[in-house]
Amino acid sequence: TSITCEMDGGTPGAKQVSVFVAGLGFSASMPTFTHEFSISSISPRVGSVAGGTVVTVGGVGLSAASSLAAVTIGQVPCDIVARNYTALICHTRAMQAGTGMIGQLLNMRMGMR
């Protein structure tokens, strides 16, 4: 009466779900599954321009495939070292003073590379 599957991450938004059973064909109904993506927290909110700050981004839908996620602080990449559905951890790189402290600007893209 049920089928369970595990999916890799995907781009945010609703996706149609279809089920195929050999000898019977595809399911008659086409429900949707929604990939969520939102950011609810960033910690810490300040860091050294010398780099090396461990930044935790909290939210939902953060476990997308590594090729779909990028974090930048200002214009400088923050190197992703770990992720799961509710948290992403990255290490900051050195940057020039005034180019974007963590508390000033954090950009995160999923599926937009």
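Buried means under 20% relative accessible area, exposed means over 50%, and partly exposed lies in between, with a 1.4 Å probe and protein chains only. The model is predicted: local features need pLDDT of at least 70, side-chain atom pairs count only at pLDDT 80 or more, and totals for chains, interfaces and linings use all residues. Residues are numbered from 1 along each chain as its sequence is written, and side-chain values use heavy atoms, with hydrogens and water left out.

**Exercise 1. Locate the disulfide, assign its handedness and state whether its cysteines are buried or exposed.**

Step 1. A disulfide is a pair of cysteine sulfur atoms within 2.5 Å. The search of the whole structure yields one. Its partners are Cys-78 and Cys-90, with sulfur atoms 2.1 Å apart.

Step 2. This pair links distant parts of the chain, twelve residues apart: Cys-78 belongs to strand β8 (residues 76-83) and Cys-90 to strand β9 (residues 87-92). Strands are DSSP runs (E, at least two residues), and helices are runs of H or I with at least four; both are numbered from the N terminus.

Step 3. The torsion about the S-S bond of Cys-78 and Cys-90 is about 90°, and the disulfide is therefore right-handed.

Step 4. Cys-78 has a relative accessible area of 3%, so Cys-78 is buried. The value for Cys-90 is 0%, so Cys-90 is buried too.

**Exercise 2. Determine how β9 pairs with β6 and with β8.**

Step 1. Two strands pair if DSSP finds at least two bridges between them.

Step 2. β6 and β9 are antiparallel, with five bridges. Val-57 has Leu-88 of β9 as its bridge partner.

Step 3. β8 and β9 are likewise antiparallel over five bridges, and a hairpin of three residues connects β8 to β9. Across this pairing, Asp-79 is opposite His-91 in β9.

**Exercise 3. Find the salt bridge and classify the accessibility of its two residues.**

Step 1. A salt bridge requires a side-chain nitrogen of Lys or Arg within 4 Å of a carboxyl oxygen of Asp or Glu. One is found in the whole structure.

Step 2. Arg-93 and Asp-79 form the salt bridge through their side chains, at 2.7 Å from N to O. The two residues are 14 apart and link distant parts of the chain: Arg-93 is in the loop between β9 and β10 (106-110), while Asp-79 is in strand β8.

Step 3. Arg-93 counts as partly exposed because its relative accessibility is 38%. Asp-79, at 33%, also counts as partly exposed.

**Exercise 4. List the residues of the largest nonpolar core and identify strands that supply them.**

Step 1. A nonpolar core is a set of buried Ala, Val, Leu, Ile, Met, Phe, Trp, Tyr and Cys residues joined through side-chain atoms within 4.5 Å.

Step 2. The largest such core has eleven residues: Ile-42, Val-55, Val-57, Leu-62, Val-71, Ile-73, Val-76, Cys-78, Leu-88, Cys-90 and Met-95. At least two of these come from each of β6 (54-60), β7 (69-73), β8 and β9.

Step 3. The disulfide partners Cys-78 and Cys-90 are thus both among the core residues.

**Exercise 5. Describe the setting of Thr-92 and its approach to Thr-53.**

Step 1. Thr-92 is part of strand β9. With a relative accessible area of 9%, Thr-92 is buried.

Step 2. A polar atom of the Thr-92 side chain lies 2.9 Å from the backbone nitrogen of Thr-53.

Methods: A polar contact is a pair of N or O atoms within 3.5 Å; within protein, one must be able to donate a hydrogen and the other to accept it, and residues adjacent in sequence count only if both atoms are side-chain atoms.
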